[in-house]
Amino acid sequence: MSDPAITRIGVAIDIPEPWGSALTRRRAEAGDPQAAWTPAHVTLLGPTEVAADALPAIEKHLEEIASAQPAFTVHLRGTGTFRPVTDVVFVALAQGISECELLAEAITRSEDVRRDTRFPYHPHVTVAQDVPAGALDAVFDDLAGFSARFEVASFTLFSHGGEGPWRPRRDFPLGS
């Protein structure tokens, strides 16, 4: 991505401490190279290329979405997988699914955000991706009893320059 008129964004809910670093660390232990660049999160909008000059309008759209959504509780519990379709193991949401779905759907209503998706939206926290089957199985088993409950008071717009970690660009408080 070398065109300065285009930028890559994503929108996510960060997993708070102590769970965020624990899940990111387990992802790294599985050999997933994305752990170094992408902390544990629930994706609301996956990596999407947009016109750089559309960012102010996108941020205004995100402000409107956030202000209309009250804070909500997420309960992460247990593991799931997308295998055999994709080599992904994730921590599942037991609570907060519908709120994440509503936010994700509202974000893509912006005329500046065009994203072709291969799969339907399914909120989750990836803990291993594109690693050997044995590593996927180990993470699936290791985190099967995982449980964390936390309040979601905001979501974050991230940007990515093509290399290195995703950088937080701006937080959007819910219900403000």
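The following paragraphs go through a predicted model, beginning with a sheet and ending with a helix and a strand residue that it touches.

The sheet is open and has four strands in the order S2-S1-S7-S8, paired antiparallel. Strands S2 (41-51) and S8 (167-173) form its edges, since each of them pairs on one side only. On average, neighbouring strands of this sheet are turned by 20° against each other, direction ignored. Strand S1 (residues 6-14) runs antiparallel to S2 and is joined to S2 by eight bridges. In this pairing, Ile 13 stands opposite Val 42 of S2.

Two helices are placed against these strands. Helix H2 (residues 55-68) lies across S1, S2, S7 (154-160) and S8, and runs at about 40° to S8. Helix H3 (residues 97-107) also packs on the sheet, where it touches S1, S2 and S7. The direction of H3 makes about 5° with that of S2.

Helix H4 (residues 133-142) has Ala 135, Leu 136 and Val 139 as its buried residues. Seen down the axis of H4, these residues fall within an arc of 100°, so they line one face of the helix. In an α-helix there are 3.6 residues a turn, so residues three or four places apart point the same way. The buried residues of H4 pack against helix H1 (19-29) and strands S3 (72-81), S4 (88-95) and S5 (124-129).

Val 88 belongs to strand S4. Its relative accessibility is 7%, so Val 88 counts as buried, the limit being under 20%. Beyond its neighbours within four places in sequence, Val 88 is in contact with several residues, including Gly 80, Phe 82, Thr 126 and Leu 136.

Terms used
Residues numbered from 1 in each chain as written. Predicted model: local features only at pLDDT ≥ 70, side-chain atom pairs only at ≥ 80, totals over all residues. Heavy atoms only, no water. Buried < 20%, exposed > 50% of the residue type's maximum accessible area, 1.4 Å probe, protein only. Arc of directions from axis to C-beta. Contact = heavy atoms within 4.5 Å. Pairing = 2+ DSSP bridges. Axes fitted to C-alpha atoms, helices over the stretch in contact; angles between N-to-C directions.
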